[in-house]
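Here is a quick walk through one protein model, for someone who would rather look at residues than read statistics. Have the structure open alongside.

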Amino acid sequence: MGRLRRSRTHHSIRDNYRKYRTRNYTRDLDQIHEDVKPENAEKLKNQAEDPDKPGLGQNYCIECARHFVTSEALAVHVKGKVHKKRVKHVQEEPYTQAEADAAVGIGKADNGKRGGRALVDVAMEEA
């Protein structure tokens, strides 16, 4: 009688491996959202030459936070599906800490306008 199922069924799935890998961890969307702002984008586009980066750090995609060897490689990347999808994600406004706290129930409660109940009570007494 043989085994009923294969052991280690997820070892060859590439996405599971990449999901938990932190070696080539890229910048998060909220960090990239800060980079896209005009004052920061200008600094990233005009970086000083760095021999440790691909293409001496001159061909940089801000939305994807990636360096490219040549300007042609950057142009091909900009036309690609991965870049276009990343641009859509970056255009969305990132969540703030206040929104995260409100979702959990920490912080101020949003009970509407201040003094709203008094106006309703006065209107009911007059009627």
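## A buried aspartate and its surroundings

Let's start with Asp 35, which counts as buried because its relative accessibility is 10%, and the cut-off for buried is under 20%. This is a predicted model, so keep that in mind throughout. Asp 35 sits in helix α2, which covers residues 29-36. Which residues does Asp 35 touch, once those up to four places away in sequence are set aside? The list is Arg 27, Asn 40, Ala 41, Leu 44 and Ile 62.

Three of those names, Ala 41, Leu 44 and Ile 62, turn up again in the largest nonpolar core. That core has 7 residues, and the others in it are Ile 32, Tyr 60, Ala 65 and Val 90. Tyr 60 has its own set of partners: not counting neighbours within four places in sequence, it is in contact with Arg 27, Leu 44, Lys 45, Gln 47, Ala 65, Arg 66, His 67 and Leu 74. Arg 27 is thus a contact of both Asp 35 and Tyr 60.

## How α2 packs

Now for the helix that carries Asp 35. The axes of α2 and α3 (residues 38-45) come within 5 Å and cross at roughly 90°. That makes α2 roughly perpendicular to α3. On the α2 side, the residues that meet α3 are Glu 34, Asp 35 and Val 36, and on the α3 side they are Pro 38, Asn 40, Ala 41 and Leu 44. By class, this contact has 4 nonpolar, 1 polar and 2 charged residues.

Helix α2 also meets α5 (residues 81-91), with axes that come within 9 Å and cross at roughly 85°. So α2 is roughly perpendicular to α5 as well. Here Leu 29, Ile 32, His 33 and Val 36 from α2 meet Arg 86, His 89 and Val 90 from α5. The make-up of this contact is 4 nonpolar, 2 polar and 1 charged residues. Val 36 takes part in both of these helix contacts, while two of the residues in the α5 contact, Ile 32 and Val 90, belong to the largest nonpolar core.

## Two residues with positive phi

Most residues other than glycine have a negative phi. Where do the exceptions Leu 56 and Ala 65 sit? The table has their loops and values.

| Residue | Phi | Loop | Relative accessibility |
|---|---|---|---|
| Leu 56 | near 60° | between α3 and β1 (59-61) | 38%, partly exposed |
| Ala 65 | near 55° | between β1 and β2 (66-68) | 19%, buried |

Ala 65 is worth a second look: it is a member of the largest nonpolar core and a contact of Tyr 60.

## The whole chain

Stepping back, the protein chain has 7 helices and 2 strands, running α-α-α-β-β-α-α-α-α from the N terminus on. Of its 127 residues, 14% count as buried. Among contacts between residues at least 6 apart in sequence, 29% join residues at least 24 apart.

How confident is the prediction, and what is the mean pLDDT? The mean for the chain is 81, and 74% of residues reach 70 or more. Confidence is highest in helix α4 (residues 71-78), at a mean of 95, and lowest in helix α7 (residues 116-126), at 54.

Technical notes
Residues numbered from 1 in each chain as written. Predicted model: local features only at pLDDT ≥ 70, side-chain atom pairs only at ≥ 80, totals over all residues. Heavy atoms only, no water. Helix = DSSP H or I, 4+ residues; strand = E, 2+ residues; numbered from the N terminus. Buried < 20%, exposed > 50% of the residue type's maximum accessible area, 1.4 Å probe, protein only. Contact = heavy atoms within 4.5 Å. Core = buried A, V, L, I, M, F, W, Y, C linked by side-chain atoms within 4.5 Å. Axes fitted to C-alpha atoms, helices over the stretch in contact; angles between N-to-C directions. Parallel < 35°, antiparallel > 145°, perpendicular 65-115°, else oblique. Nonpolar A, V, L, I, M, F, W, Y, C, P; charged D, E, K, R; others polar. pLDDT = per-residue confidence, 0-100.
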